[in-house]
Each structure stands twice: as structure tokens, then as C-alpha cells.
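Please look over the sequence and the model before reading on. The paragraphs below move from pairs of charged side chains to the chain as a whole, and then to two single residues.

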Amino acid sequence: MVEQITDKLGRPIRDLRLSVTDRCNFRCDYCMPKEIFGDDFVFLPKDELLTFDEMVRISKVYTQLGVKKIRITGGEPLLRRDLYKLIYELNQIDGVEDIGLTTNGLLLIKHGQKLYDAGLRRINVSLDAIEDKVFQAINNRNIKASTILQQIDYAISIGFHVKVNVVIQKGVNDNQILPMIQYFKEKDIEIRFIEFMDVGNDNGWDFSKVITKGEMLNMIENEFDIESVEPKYFGEVAKYYRHKDNGAQFGLITSVSQSFCSTCTRGRLSSDGKFYSCLFSTVDGFNVKSFMRAGATDDELFEQFKVLWNVRDDRYSDERTEQTVANRKRKKINMNYIGG
């Protein structure tokens, strides 16, 4: 029996994002800049991470509160050993209708078949440029875009549905929008361009680095014949468009210029087992891991999760101004702990 719950603004919970690791093999400036996450950076020890059994137990309780979709995030989730075992167990949960994975794509050839066999079907690949030199400058690991494109081709060849996510920064990779639109249009792969957000504490964000959805759309409309597409479901974050000549679609995610707080149905569990009700959380999350390991029953988890959602009133993107950004500096949870 599912109990439909809502937060203070009437939003239901439908999506649970599970961060399985805080580690990553990239050092992108907007997420894990190399100056901070250097070779001597200390990541979470294994016993501070949630176990797969704990993640499955948490997910089962959340389905009783309305969660239907689970997304596996990181850090880079494919660095978590035997991830396919978690995917398999999540697929056995009654009420879970969809499981997705967000990855930088570097290890898809290595792990893709096991993930597919475990029941995973949807993958979002983060790829911020299609030109090798631009991409290498962003990931700070000398990894070529062509390497990730090969991984994407492999994933599609074994049956995955792949979307590509691109975080656009003014003066960094805004010159990649049109070539990426062209490339993925020809491949009929959905690509989504994301406005640069002030997530975490270390990405040097300010409004001047944002290319808005309107600016991106003008750029694309000048080169391609496109039309808008109706939203597929409540809470969809991207505004979609299709190419009139072949029907290929792309999306623009307006995380800064047109907030979608009013339809946000996502809760997040960090890699160290804390629950966060917003990507831009400034307070420490509720420690689900400690609560569980202290002996909490499933009924107690149910009641606690219910309270955490009932009191939720986050709408940071609605309220974002220069002043609120300044006030929140050094207070937000970093993206490598709770995913994107």
C-alpha cells in the first residue's frame, strides 16, 4: 500500500537519487576542481558509504511513500565495485518503474554488459564538449571526447537508451553547442544542454558565466529548423525541441533562468548516507545511515522519511539572486556527494 505524501508546497516525492560514491576519475572545474580534489584528497572510507543492502532497504521504504524512479549517481558511480548487483536488487522492488544511471561514460565498455544484464536500460552520459581539446581542458584528465563517444556507441549497440548532458559555461564550451547539436542529431541521440548552476562550494559560479536557455535557443534556431515538444510528465526538467527534418530531439534545462522548483519531486541520498531534499541544500542532511545502523525498524524509517518530506519547503532556484548566492557560499553540499 502506497501512502501518497506531499511537502509544504504540495509536491509529491517521485524520484530518489542514490549517490553510491564520492569518488570520480574526472576533475571538472564546476564539480571537483583539481586544485581542491588533488591526488592527496581523502575520500570517504568504505565503511562510511551505504552498503547495497542498506540502499535497497531505503529504496523499498521510499516506494511506499510514492517513489517510482531511482537514479544512480556519484561521484562517478561506475567506480563503485560490483554496481550491477545493486541494479539487480533495485529491479526486484515492487513499485520501482524506472532505474537510471548518470555517468561520465569512461567505463561503459568495461561495465556496460553486466549493468544491462542486471536490468539497467537508461543511461545519462555527461559530456561537456565534442572537440577533444575543449573536453580535455574541462575534465583535467586528458580524456578525449572521442573516447567517450566510442563508449556511447558501445552502450547503444548493446541496447541502452542514452541521453547526453552538457553543462554550458560562457567562454568555456558555449562554442560546442552547435557542433554537438549536429552530431547527435545525425545519431538520433537525445542531448540536453544545462545552464551552469551554483552547485556546491568550489566551482566559482556567478551569473556572468551563465548562457541562458533563451540565448542557447536563439543560437540553435539560427542554424536548425526546430519546433517545441510538449512535456512528457509532471516534473520534467528539460524544455524539449525536435528537428523538423528527422524528428531527433534535444532539451534545454533552465536551472537558472526559468526555475522548476514548483514541480520538483526529487529527494537525494548522499554517498555517506544523508538525505537531502534539495540539490542546493545548505544544512547538513538527515543521517539515514546512522539512524539505520542504530537499529531503526522499517516502520521507523517510513515515519522518518515521511516527516522529512512533509516539512520540505525548498525553492532555492526560485529565490536565487546575487545576494542569496553570496550568502550561501561555503555552505552548500558538494555535488560529488549527492549527484546532479
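A salt bridge is a side-chain nitrogen of Lys or Arg within 4 Å of a carboxyl oxygen of Asp or Glu. Side chains of opposite charge can pair when their charged atoms come close. The structure shown here is a predicted model, and a search of the whole of this structure finds 15 salt bridges.

One of these salt bridges joins Arg57 to Asp298, with 2.6 Å between the closest N and O atoms. The pair links distant parts of the chain: Arg57 belongs to helix H1 (residues 52-63), Asp298 belongs to helix H9 (residues 298-310), and 241 residues separate the two. How exposed are these partners to the surroundings? Arg57 has a relative accessible area of 24% and is therefore partly exposed. Asp298, at 40% relative accessibility, also counts as partly exposed.

A further salt bridge connects the side chains of Arg122 and Asp98, at 2.5 Å from N to O. Because Arg122 lies in strand E4 (residues 122-126) and Asp98 in strand E3 (residues 98-103), this pair ties together parts that are 24 residues apart in sequence. Arg122 has a relative accessible area of 19%; buried means under 20%, so Arg122 is classed as buried.

Salt bridges may also involve loops, as the next pair shows. Lys244 forms a salt bridge with Asp225, and their closest N and O atoms are 3.6 Å apart. Lys244 is in the loop between strand E8 (238-243) and strand E9 (249-253), while Asp225 is in the loop between helix H7 (213-221) and strand E7 (226-228), so the pair ties together parts 19 residues apart in sequence. With a relative accessible area of 47%, Lys244 is partly exposed. Elsewhere, a network of salt bridges links Asp7, Arg11 and Arg312.

The chain as a whole may now be considered. It contains 12 helices and 12 strands. Of its 340 residues, 56% are buried. Among contacts between residues at least 6 apart in sequence, 73% join residues that are at least 24 apart. The accessible surface of the chain comes to about 15100 Å², and 48% of this surface belongs to carbon and sulfur atoms.

Two single residues complete the account. Where is Val20 found? Val20 is in the loop between strand E1 (15-19) and H1. Its relative accessible area is 0%, and therefore Val20 is buried. Leaving aside residues up to four places away in sequence, Val20 touches Leu49, Met55, Ile72, Thr73, Pro77, Arg80, Leu83, Leu86 and Ser271. Val20 and Gly74 are 54 residues apart in sequence, yet their C-alpha atoms are 5.5 Å apart in space.

The second residue, Glu190, lies in strand E6 (residues 190-195). Is Glu190 buried or exposed? Its relative accessibility is 13%, so Glu190 counts as buried. The side chain of Glu190 makes a polar contact with the side chain of Lys163, at 3.5 Å. Apart from residues up to four places away in sequence, Glu190 touches Val162, Lys163, Val164, Tyr240 and Gln249. Lys163 is thus named both as a residue that Glu190 touches and as its partner in the polar contact.

Definitions and conventions
Residues numbered from 1 in each chain as written. Predicted model: local features only at pLDDT ≥ 70, side-chain atom pairs only at ≥ 80, totals over all residues. Heavy atoms only, no water. Helix = DSSP H or I, 4+ residues; strand = E, 2+ residues; numbered from the N terminus. Buried < 20%, exposed > 50% of the residue type's maximum accessible area, 1.4 Å probe, protein only. Polar contact = N/O pair within 3.5 Å; in protein donor to acceptor, adjacent residues only side chain to side chain. Contact = heavy atoms within 4.5 Å. Areas by Shrake-Rupley, 256 points an atom, 1.4 Å probe, with all protein chains shown as cover.
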